[in-house]
Amino acid sequence: MAAAQIRPLVAGNWKMNGLSASLAEFGAMKASAAEFAGKADLMICPPAILIALFAATAKGSGLIVGGQDCHAKVSGAHTGDISAEMLADAGAVAVIVGHSERRTDHNETDAAVKAKALAAWRAGLTAIVCVGEQLSQREAGATLKVVGGQLDGSLPDADKSSDPVSANLVVAYEPVWAIGTGLTPTPADVAQVHAFIRGKLTERYGDAGAGVRILYGGSVKPSNAGELLTIPDVNGALIGGASLKAADFLGIAAVYR
Ligand code: PEP
């Protein structure tokens with residue numbers, strides 16, 4: 001699939017931020033969503049308890065809602081956990097899996113991330129699978145080895161009976177040292193990793209891998225979005241801090257308007 005045919009995705013990860021009063025900020029994003037119709041998909045992943053409220057509010061606006069994590073199982077004795085089916089039931093259309101904060105704070109392995117991605121597919125959600133190297137790994141020249149290993153271990157095999165991976169899989173490259181720090185890799189470094197990920201995706205999924213969106217994440221702001229999001233094989237952004245304010249989130253998405 002030619003790059004021009006891939007519709008970018010601008011996804012905001014609110015992490016553990018937001019209360020019901022945040023509906024006003026979300027509403028401001030919703031009010032501008034129509035401007036991006038056909039040009040980019042706009043998604044907010046709020047805390048799980050806000051998904052139903054946000055999804056109901058956004059219905060028909062073009063702004064879509066995702067989850068930040070899910071359990072691998074459908075249901076059961078897993079206190080505090082939320083299944084992919086529950087996210088879908090609340091109105092989510094996607095779920096982030098394997099975010100570096102989950103990998104670190106909850107010791108999530110590649111195998112656990114893969115099980116969660118499969119759970120997303122089982123529930124009819126798009127799986128947004130996160131990968132990225134630590135600073136020490138970049139400094140040791142091991143970035144591609146680390147990212148390649150994470151992709152090999154975290155990406156599920158395509159199920160021919162389900163949607164093509166271009167529709168139900170997104171990969172987010174997020175260098176861990178760039179998350180929330182204000183630091184970003186050089187455009188050349190981003191281009192190198194994204195081209196590498198594209199190669200891995202086509203190796204793994206054949207032609208369908210060419211249509212999988214690869215997001216860049218890590219300190220994306222309105223001021224650097226133009227540079228970062230126009231790099232070849234960067235098909236959108238996963239945004240943390242700057243997705244909390246409508247003006248910043250929309251200012252980043254404006255690259256695609
Ligand atoms: C993130 O955590 O996914 C992220 C990219 O955060 P930030 O934009 O704040 O660096």
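**Contacts and pockets around the ligand**

Biologist: What makes the pairing of the ligand with the side chain of His-99 a polar contact?

Modeller: In this predicted model, an N or O atom in the side chain of His-99 lies 2.8 Å from an oxygen atom of the ligand. A polar contact needs a pair of N or O atoms within 3.5 Å, so this pair counts as one.

Biologist: And how do you know that the backbone of Ser-219 makes a polar contact with the ligand?

Modeller: By the atoms and the distance. A polar backbone atom of Ser-219 is 2.8 Å from a ligand oxygen, and because the limit is 3.5 Å, the pair qualifies. Gly-241 joins in through its backbone too, with an N or O atom 2.9 Å from an oxygen atom of the ligand, so that pair also passes the 3.5 Å test.

Biologist: How much of the ligand's exposed area does the protein bury?

Modeller: The ligand alone exposes 290 Å², and 95% of that is buried by the protein.

Biologist: What makes a residue part of the ligand's surroundings, and which residues are closest?

Modeller: A residue is near if one of its heavy atoms lies within 4 Å of the ligand. There are 15 such residues, and the closest are Lys-15, His-99, Glu-174, Gly-180 and Ser-219. By class, this shell holds four nonpolar, eight polar and three charged residues. Glycine is counted as polar in this scheme, so Gly-180 belongs with the polar ones.

Biologist: Which pocket does the ligand sit in, and why is it said to "sit" there?

Modeller: The ligand sits in the second largest pocket. That wording is used because more than half of its atoms must lie within 2 Å of the pocket's grid points.

Biologist: What is that second largest pocket like in volume and lining?

Modeller: It offers about 200 Å³ of space. Its lining has 18 residues, with Lys-15, Gly-180, Ile-239, Gly-240 and Gly-241 closest to the centre. That lining divides into seven nonpolar, nine polar and two charged residues.

Biologist: And what lines the largest pocket?

Modeller: The largest pocket holds about 570 Å³ and is lined by 23 residues; nearest its centre are Lys-15, Met-16, Gln-68, Asp-69 and Arg-102. Helix α4 (residues 100-105) gives the largest share of that lining, three residues.

Definitions and conventions:
Residues are numbered from 1 along each chain as its sequence is written. This is a predicted model: local features need pLDDT of at least 70, side-chain atom pairs count only at pLDDT 80 or more; totals for chains, interfaces and linings use all residues. Side-chain values use heavy atoms; hydrogens and water are left out. A polar contact is a pair of N or O atoms within 3.5 Å; within protein, one must be able to donate a hydrogen and the other to accept it, and residues adjacent in sequence count only if both atoms are side-chain atoms. Accessible areas come from the Shrake-Rupley method with a 1.4 Å probe; for residues, only the protein chains shown count as cover. On a 1 Å grid over the protein atoms alone, a cavity is a set of points where a 1.4 Å probe fits but cannot get out, and a pocket is an open set with protein on both sides within 12 Å along at least five of seven lines; lining residues have an atom within 4 Å of a point. Grid points are joined across faces, edges and corners, and a volume is the space filled by probe spheres set on the points. Helices (H or I, at least four residues) and strands (E, at least two) are DSSP runs, numbered from the N terminus.
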